[in-house]
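Reader: Please take a close look at the aromatic side chains in this structure. I would like to know which rings pair with one another and how they are arranged.

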Amino acid sequence: MNELLVTALLILCLLTLLVGGVWIGLALSGVAWLGLQLFTDRPAGEVMTLAIWGSASSWALTALPLFIWMGEILVRTSLPRDTLRGVAPWLDLLPGRLLHVNVVGATLFAALSSSSAATSTSIGKRTLPELAKRGYPDAAAANSLAGAGTLGLLIPPSLIMVVYALAADVPVDQLFAAGLLPGLLVAGLTMAYLIVWSVLNADLMPRHESRSSFRDKLAALLNLFPVLLLIAIVLGSLYTGWARPAEAAALGVVGALLVAAALGSLTWANFRDALLSATRLYCMLALLVAGAAFLAMALAEVGVPQLLVHWVNSLQLHSFVLLLVLMLFYLALGSVLDGVSAVLLTMGLVMPVVRAAGIDPVWFGVFLILVVEMAQITPPAGFNLFMLQALTGRPMSWVVRTTGPMLFLLVLVAGLLYAFPAIVTWLPEQMMAARH
């Protein structure tokens, strides 16, 4: 049977299962089984065993539940609140003042929570009521959180980075290093936007706020000590080569437990809830990873990736056009699926095309995660839009209008990454050079 017709039938079957409410991991596995049974002579059970065992036995996968558990432990402590207290006094002199707390606080906490949802919720539910009480415009406060809240995807260690590294077969530590500078770039441009907005709308900003003394600022740094120590342990051990991703994640869990104990939050209830929540999330992600691995292997047996590569090559697309098409595709997909599902659902088809086009898979991973960030604040179903609606109590139309500038900033960053790929590749290159 013609490979094009086979591809269309498999995609149709997958869409039918997803629309019917079948779990994504099971839908991926079901389509893979169907494709092998109908269109190849390879035993489906053999391929499924190889794919699932290969994905489940990956050493890099060990880091995933540990990073999830670390984040679940920390969100149940006072660490998000302490982080905000530590950075707030140092932002007095910037135009916009406390609006920047969302950005700096989210950047720091993203390096520990590994999740956009945890970062957005933990920071937003503490800052938005306080900013409203102090007279800051709701739109500006929500805008600052919309941009910074997505940093949980890009600032390492990030769950979606681990998932992409497994699906695309790239080193996790290189991807973590590659995402750091783009993440800081997003944070910096968000703060720059807030500065310009605050200067142009000075009449809307609260005028009378007491300035913190230098002594108060130094005292506030004590609140940041646990955060900075954990970041140094996890990312420092990883970037220096002293620990591999799974080992760094294990150190992070131990550090998170010690911090929770020091802050008085390590109760049996919190420990149990964090462990159960991390287990549930990991089981969901493990099913997705296994299903995606099975589907990728099945598609390779059927010949679908080769067909796509041949078709894309025949179009002779410039890399910019190809990336633009992929960006629009993932924005559309991300409006109805969460980022991890969107990545795993498509890796078996997209990665062969990306590699054939000569695009660095590590660079593409950061670009893809940035596009997933855009999808988080893209209507009609961006997750962060619903999160902001819940936190602010405003209509969705207001949330969409408010977050528009942040979406534009993320598109700008994507353009900068294309024009200056060293923003992504420089730090991994330096890390690998230092190890050798």
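Author: Rings of Phe, Tyr and Trp, with the six-membered ring taken for Trp, count as a pair if their centres lie within 6.5 Å. In this predicted model, W69, W268 and F271 form one aromatic cluster. Searching the whole structure gives seven aromatic pairs. One of them joins W363 and F367: the ring centres are 5.3 Å apart and the planes stand at 10°, so this pair is stacked, the cut-off for stacking being under 30 degrees. Both residues belong to helix α18, which covers residues 361-376, and they are four residues apart, about one turn of the helix. W363 has a relative accessibility of 7% and therefore counts as buried. F367 counts as buried too, because its relative accessibility is 5%.

F367 also pairs with F364. Here the centres are 6.3 Å apart and the planes are at 35°, so the pair is tilted; that label applies to angles that are neither under 30 nor over 60 degrees. F364 and F367 are separated by about one helical turn, because they are three residues apart in helix α18. F364 is buried, as is F367. The ring of F367 thus takes part in a stacked pair with W363 and in a tilted pair with F364.

A contact of another kind involves a charge and a ring. The charged end of R394 sits over the ring of W398, at 4.5 Å from the ring centre.

Methods. Residues are numbered from 1 along each chain as its sequence is written. This is a predicted model: local features need pLDDT of at least 70, side-chain atom pairs count only at pLDDT 80 or more; totals for chains, interfaces and linings use all residues. Side-chain values use heavy atoms; hydrogens and water are left out. Helices (H or I, at least four residues) and strands (E, at least two) are DSSP runs, numbered from the N terminus. Buried means under 20% relative accessible area, exposed over 50%, partly exposed in between (1.4 Å probe, protein chains only). A charge sits over a ring if NZ of Lys or CZ of Arg is within 6 Å of the ring centre and within 35 degrees of the ring normal.
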